[in-house]
Amino acid sequence: MQNTRSYKYLVAEDERLIRQNLIKKINKLGLPLELIGEAANGAEAIQIIEKNCPDIVITDIIMPQCDGLELTEYVYRNHPGVKIVILSGYNDFSYAQTAIKFSVNDYLLKPITPEALSASLQKFLITMQSESRDLLAYQVNSNTLDQKDIAELLVKYLHENYKQDVSFQELAAKFGFSVEYLGKIFKKHSGVTLSKYLTRLRMNEAKRLLVSHPGMEIQKIGELVGYKDSFYFSRAFKSFTGIQPSEYRNQAGEGQIQ
């Protein structure tokens, strides 16, 4: 694994043995995660959060004094950058609904397997490093992710980074695959190739910008969707839509675009 930033995590679980076992499982994964505290209830967790500012909070649902959903709501309202993983032995949709309401990032049912825990935490690491434009600093352990997980991570990465230079060669290397094999995985689960998916994202956003910002220079729109070369952007846009960006804008202004 390459040198990378270590992310802080907190575990909130009222059962001490379960809490310690969970921490042991996380430590054995070999991920760039640093335990900064453990809490027996949500109230203790909040104190630790205010003092140590974790990146990830892993919390049980049912706890005394302040349960996992109350803790989740507190984090949602006060620490928007903190990621939340909810662990529960209660397969109850009402809990999931509340968790979704407060933007919980993952919801895992007990007993938690090392594989499920690893896949969940790897997704968070990729998300956080993508948010800081440093996804490729993290070496993905593809052995713990199935093909669907990999395809979903690629979709998420492309959605968050389509404005930047995207190297499929570097992405493939991080997953430990060839570009061709990674492309096959992606096409199997998305129906299109990586390059076509990326182009579609960029062109759909370009069309939106052309219509919603009629005074914006076409060169600038190209830059905003990942094309530094305005000529190449225009050529790619025409290949995708059949017309030049300026024509698209004019037709949209005249109500000709459906």
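1. Aromatic cluster. Y227, Y232, F233, F237 and Y248 form one aromatic cluster in this predicted model. A search of the whole structure turns up seven aromatic pairs. One of them joins Y227 and F233. That pair is tilted, with 5.6 Å between centres and 45° between the planes. How accessible are its two partners? Y227 has a relative accessible area of 6% and is buried. F233 is at 0% relative accessibility and counts as buried too.

2. The F237–Y248 pair. These two rings meet edge-to-face. Their centres are 5.6 Å apart, and the angle between the planes is 80°. F237 belongs to helix α11, residues 230–241. Y248 belongs to helix α12, residues 245–253. The pair therefore ties together parts that are eleven residues apart in sequence. Both F237 and Y248 are buried.

3. A charge over a ring. Which residue lies over the face of Y227? It is R202, at 5.2 Å from the ring centre. Y227 is thus a point to check twice: the ring pairs with F233, and the face of Y227 has R202 over it. Y227 is also a member of the aromatic cluster. The 6% relative accessible area puts Y227 under the 20% cut-off for buried.

4. Largest pocket. The space in the largest pocket is about 210 Å³. Two elements give two or more residues to the lining: α5 (114–131) and α6 (147–161). The largest share, four residues, comes from α5. The full lining is N105, D106, S120, K123, F124, T127, E152, L153 and K156. What is the mix by class? Four lining residues are charged, three are polar and two are nonpolar.

5. S120 in the pocket wall. S120 is one of the lining residues of the largest pocket. S120 sits in helix α5. Is S120 buried or exposed? At 3% relative accessibility, S120 counts as buried, because the cut-off is 20%. Leaving out residues up to four places away in sequence, S120 touches V85, D106 and L108. Of these, D106 also appears in the pocket lining.

6. Cis peptide. The bond from K110 to P111 is cis, with omega near -5°. P111 is placed in the loop between β5 (106–109) and α5. K110 comes up again below, among the contacts of E13.

7. E13. Where does E13 lie? Its place is the loop between β1 (7–12) and α1 (16–28). E13 is charged by class, yet it is buried, with a relative accessible area of 3%. With residues up to four places away in sequence left out, E13 touches I18, R19, A39, A40, D60, M63 and K110. That list includes R19 and K110, and also D60.

8. Positive phi values. Which backbone angles need a look? C53 has a positive phi of about 50° and is not a glycine. C53 is in the loop between α2 (42–52) and β3 (56–60). S103 is another residue other than glycine with a positive phi, near 55°. S103 is in the loop between α4 (93–101) and β5. With a relative accessible area of 45%, S103 is partly exposed. That value falls between the 20% and 50% cut-offs, so S103 is classed as neither buried nor exposed.

9. H213 and R249. H213 lies in the loop between α9 (194–212) and α10 (218–224). H213 is partly exposed, with a relative accessible area of 34%. How far apart are H213 and R249? They are 36 residues apart in sequence. In space, the C-alpha to C-alpha distance is 9.5 Å.

10. Whole chain. The protein chain has twelve helices and five strands. Along the principal axes, the C-alpha atoms fill a box of roughly 65 × 40 × 30 Å. Of the 258 residues, 43% are buried. What share of the contacts with a separation of 6 or more comes from residues 24 or more positions apart? The share is 64%.

Key. Residues are numbered from 1 along each chain as its sequence is written. This is a predicted model: local features need pLDDT of at least 70, side-chain atom pairs count only at pLDDT 80 or more; totals for chains, interfaces and linings use all residues. Side-chain values use heavy atoms; hydrogens and water are left out. On a 1 Å grid over the protein atoms alone, a cavity is a set of points where a 1.4 Å probe fits but cannot get out, and a pocket is an open set with protein on both sides within 12 Å along at least five of seven lines; lining residues have an atom within 4 Å of a point. Grid points are joined across faces, edges and corners, and a volume is the space filled by probe spheres set on the points. Rings of Phe, Tyr and Trp (its six-membered ring) pair if their centres lie within 6.5 Å; planes under 30 degrees apart count as stacked, over 60 as edge-to-face and the rest as tilted. Buried means under 20% relative accessible area, exposed over 50%, partly exposed in between (1.4 Å probe, protein chains only). A charge sits over a ring if NZ of Lys or CZ of Arg is within 6 Å of the ring centre and within 35 degrees of the ring normal. Contact means heavy atoms within 4.5 Å.
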